[in-house]
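Work through the exercises below with the structure open. Each task is followed by a stepwise solution.

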Amino acid sequence: MERSFSFDPRATISAPVRAKARSFMGHDTLAFIEQSLFSLKEREKRTNHNTSIICTIGPASSHVQTLERLIAAGMNIARLNMAHSSHEQLIYFIKNIRAATQGYILRTGANVSVAIAMETQGSQKRTGKLENNLDEIVLKKGAKVIITTNPEFKEKCNADIIYINGKKSVTEKSEIILDDLIHLIVESISKQEFKCTVMNTGHLGNWKKICFPGELDEDSSYETEEKKDLEFAVDQDVDIIILSNVMNASDVIEARRLVADKGKSILLVAKLRTMSAMKNMKEIINEADGVMVAREELGVLFRVEKVFVALKNIITYCVRVGKPVICASVMLHSMVRSPRATQAESSDIANVVLDGADCVVLSGETAIGNYPLESLRTMVKICNEAEDLVKYRLLPMDPVLTIIDPMNTLALTAIDTALKCSAAAIMVITFSGRTAHMVARFRPDCLLIMVTRQVSTANQSHLYRSIHPILCDIQGQDDVRKDIDAQVQFGILQSKKKRLLEPGKQIVIIIGRQMDKSLMHTVRIEDVV
């Protein structure tokens with residue numbers, strides 16, 4: 001009979017401290033706040049953060065110079081949304097992202113890696129392009145507007161008539177939401193169009209989402225067009241594919257089969273944005289490599305006061321089963337037009353980090369906003385502050401694991417060893433990254449540094465919270481043990497350059513059996529000199 005257990009590596013903390021640590025901030029909140037305020041200058045310089053930051057690339061951030069600045073400021077994953085760009089534009093974006101990464105490495109000598117994530121467009125209904133190359137139009141309360149599926153208006157949208165891609169069954173007096181902000185009421189219906197009344201004033205841009213509240217399902221995400229998008233993403237050798245319209249686990253299985261048929265190793269992230277996906281949430285999470293929570297779409301499916309409940313349930317379940325979870329949608333929406341975030345946005349991001357999210361997403365802020373660099377820097381600062389509070393929190397959400405997996409034992413042993421010797425970091429020497437992923441599932445209190453020679457492994461590790469990848473480019477040696485030692489020393493040197501480690505500290509080193517078939521899995525302690 002299969003047995004399982006939950007392991008809390010912080011269980012060695014004394015009972016009096018545990019009794020006091022009842023809030024997110026722990027037992028010494030005032031001292032921590034005082035320290036935080038008085039060390040402001042030093043904290044401002046930090047770009048190393050445990051929570052990965054995903055930047056959506058668009059017209060405001062697609063130039064190589066801008067991408068280099070985003071990399072320097074702390075971008076971990078560059079996201080490309082196929083719903084907003086043609087295949088030619090996407091190829092251009094990918095070329096620039098890779099050129100910017102290599103250019104930044106050559107110019108600074110830094111050891112950085114940036115993953116490319118491509119999101120399929122799925123069956124999400126969207127508006128068309130505005131006429132006369134306008135950036136946005138204003139729909140005023142009480143105005144009449146026609147929603148049409150006539151392709152003649154695909155690139156001729158205006159305040160009187162708006163194109164959407166595909167037919168949709170609606171009834172009179174039903175509601176339509178444009179860009180999650182502008183509410184319309186359907187007054188009459190004809191073959192190709194709906195005549196609607198605008199219920200609130202709002203600004204509408206190009207290719208924006210259109211939602212029909214109350215819908216339970218959409219078409220399968222693996223129709224012909226979706227498969228073409230998926231095949232295109234695989235052919236571009238991206239690191240992560242975000243499946244934007246998953247209904248159940250079989251959708252993920254079919255996508256994985258397509259990726260395997262092309263001989264590629266790409267992580268598949270399922271986007272939870274429909275009622276079917278929410279009903280099948282657990283089976284989707286268990287099958288996918290990670291999930292993205294689309295909060296705006298959840299706001300259409302559920303009442304607004306229920307969205308945070310759904311979000312916290314998804315994050316909690318993902319943390320328990322050890323799957324990466326991405327939180328997306330309007331994280332710093334005010335910074336699309338303003339150089340400063342609101343207090344509410346700051347608290348929102350901090351709470352997502354405290355809940356245990358692996359990644360947070362900047363969407364329009366970096367894709368079309370006026371302040372892409374400032375938005376990223378603000379996100380980095382908020383994540384750093386929240387992560388410092390996590391160190392004072394006792395997480396009750398450790399993964400539920402089966403004891404028969406030897407990788408679990410290796411990960412738990414390393415974490416326990418790091419706690420007992422007060423190690424500054426756990427360093428994993430890996431080929432596939434699996435050992436590092438396993439350790440990351442437990443949210444160790446110390447740093448988690450991963451050393452690998454595989455570019456894809458380094459890039460994909462950004463999907464997991466706490467992993468700091470180092471790409472080892474030194475010449476391999478015939479003697480496996482000497483080669484591993486060389487990688488360890490290379491990792492320590494690069495970690496010191498990144499200000500992750502300091503001389504005089506100890507680190508716990510994990511070497512998976514895949515690195516040396518003649519040895520068993522190894523955990524050892526080494527001094528940083």
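## Exercise 1: The whole chain

Buried residues make up 53% of the 529 residues in the protein. The model is a predicted one.

**Task.** State how many helices and strands the protein has, and what share of its contacts with a separation of 6 or more is made by residues 24 or more positions apart.

**Solution.**
1. Count the secondary structure elements: there are 18 helices and 23 strands.
2. Take the contacts with a separation of 6 or more. Residues 24 or more positions apart account for 70% of them.

## Exercise 2: A five-stranded sheet

**Task.** Give the strand order of the open sheet of five strands, then explain why one side of S21 and of S23 is left without a neighbour in the sheet.

**Solution.**
1. Read the order across the sheet: S21-S20-S19-S22-S23. The pairing is mixed.
2. Look at the two ends. Strand S21 (467-471) and strand S23 (522-527) are the edges. Each has a single partner strand, so one side of each lacks a neighbour in the sheet.
3. Follow the twist: from one strand to the next, it averages 25°.
4. Now find the helices on the sheet. Helix H15 (residues 406-420) packs there and touches strand S19 (425-429), strand S22 (506-511) and S23. The direction of H15 makes about 170° with that of S22.
5. Helix H18 (residues 480-497) also packs on the sheet, in touch with S19, S20, S21, S22 and S23. The direction of H18 makes about 135° with that of S19.

## Exercise 3: From S20 to S21

**Task.** Describe how S20 and S21 pair, and determine the handedness of the β-α-β crossover between them.

**Solution.**
1. Start with the pairing. Strand S20 (residues 447-452) runs parallel to S21, and five bridges join the two.
2. Locate residues that face each other. Methionine 450 stands opposite proline 469 in S21.
3. Trace the connection. From S20 the chain passes through helix H17 (residues 455-460) to reach S21. This β-α-β crossover is right-handed.
4. Check the cover of S21. Four of its five residues are buried, and the strand is mostly covered.
5. Add one more facing pair: threonine 452 lies opposite leucine 471 in S21.

## Exercise 4: The partners of S8

**Task.** Which strands pair with S8, and over how many bridges?

**Solution.**
1. Take S9 to begin. Strand S8 (residues 175-178) and strand S9 (residues 182-189) are antiparallel and share four bridges.
2. Identify a bridge: isoleucine 177 has histidine 183 in S9 as its partner.
3. Inspect the hairpin of S8 and S9. It has three residues between the strands, and aspartate 179 takes a positive phi near 55° there.
4. Turn to strand S12 (residues 210-211). S12 pairs with S8 over two bridges, again in the antiparallel sense. Leucine 178 is opposite isoleucine 210 in S12.

## Exercise 5: Two helices and what follows them

**Task.** Set the span of H7 against its expected value, do likewise for H11, and find the glycine that comes after each.

**Solution.**
1. Helix H7 (residues 249-261) has 13 residues. From its first C-alpha to its last, H7 reaches 19 Å, close to the 18 Å expected at 1.5 Å a residue.
2. List buried residues of H7: Ala249, Asp251, Val252, Ala255, Leu258 and Val259.
3. Glycine 263 follows H7, with a positive phi near 70°.
4. Helix H11 (residues 304-321) has 18 residues. Its first-to-last C-alpha reach is 27 Å, close to the expected 26 Å.
5. Among the buried residues of H11 are Val307, Leu311, Ile314 and Cys318.
6. Glycine 322 sits just after H11 and has a positive phi of about 75°.

## Exercise 6: Local details

**Task.** Classify the aromatic pair of tyrosine 92 and phenylalanine 93. Then say whether threonine 149 is buried or exposed.

**Solution.**
1. The rings of tyrosine 92 and phenylalanine 93 are 6.0 Å apart, centre to centre, with 50° between the planes. The pair is therefore tilted, since planes under 30 degrees apart count as stacked and those over 60 as edge-to-face.
2. Compare exposure. Tyrosine 92 is partly exposed, at 39% relative accessible area. Phenylalanine 93 is buried, at 7%.
3. Place threonine 149: it is in the loop between strand S6 (144-148) and strand S7 (161-163).
4. Threonine 149 has 15% relative accessibility and so counts as buried.
5. Look across the chain. Threonine 149 and glutamate 193 are 44 residues apart in sequence, yet 6.4 Å separates their C-alpha atoms.

How values were computed. Residues are numbered from 1 along each chain as its sequence is written. This is a predicted model: local features need pLDDT of at least 70, side-chain atom pairs count only at pLDDT 80 or more; totals for chains, interfaces and linings use all residues. Side-chain values use heavy atoms; hydrogens and water are left out. Two strands pair if DSSP finds at least two bridges between them. Axes are lines fitted to C-alpha atoms, for helices over the stretch in contact, and angles run from 0 to 180 degrees between N-to-C directions. Contact means heavy atoms within 4.5 Å. Rings of Phe, Tyr and Trp (its six-membered ring) pair if their centres lie within 6.5 Å; planes under 30 degrees apart count as stacked, over 60 as edge-to-face and the rest as tilted. Buried means under 20% relative accessible area, exposed over 50%, partly exposed in between (1.4 Å probe, protein chains only). The expected span of a helix is 1.5 Å times one less than its number of residues. A crossover is right-handed if, with the strands pointing away from the viewer, the path from the first strand over the helix to the second runs clockwise.
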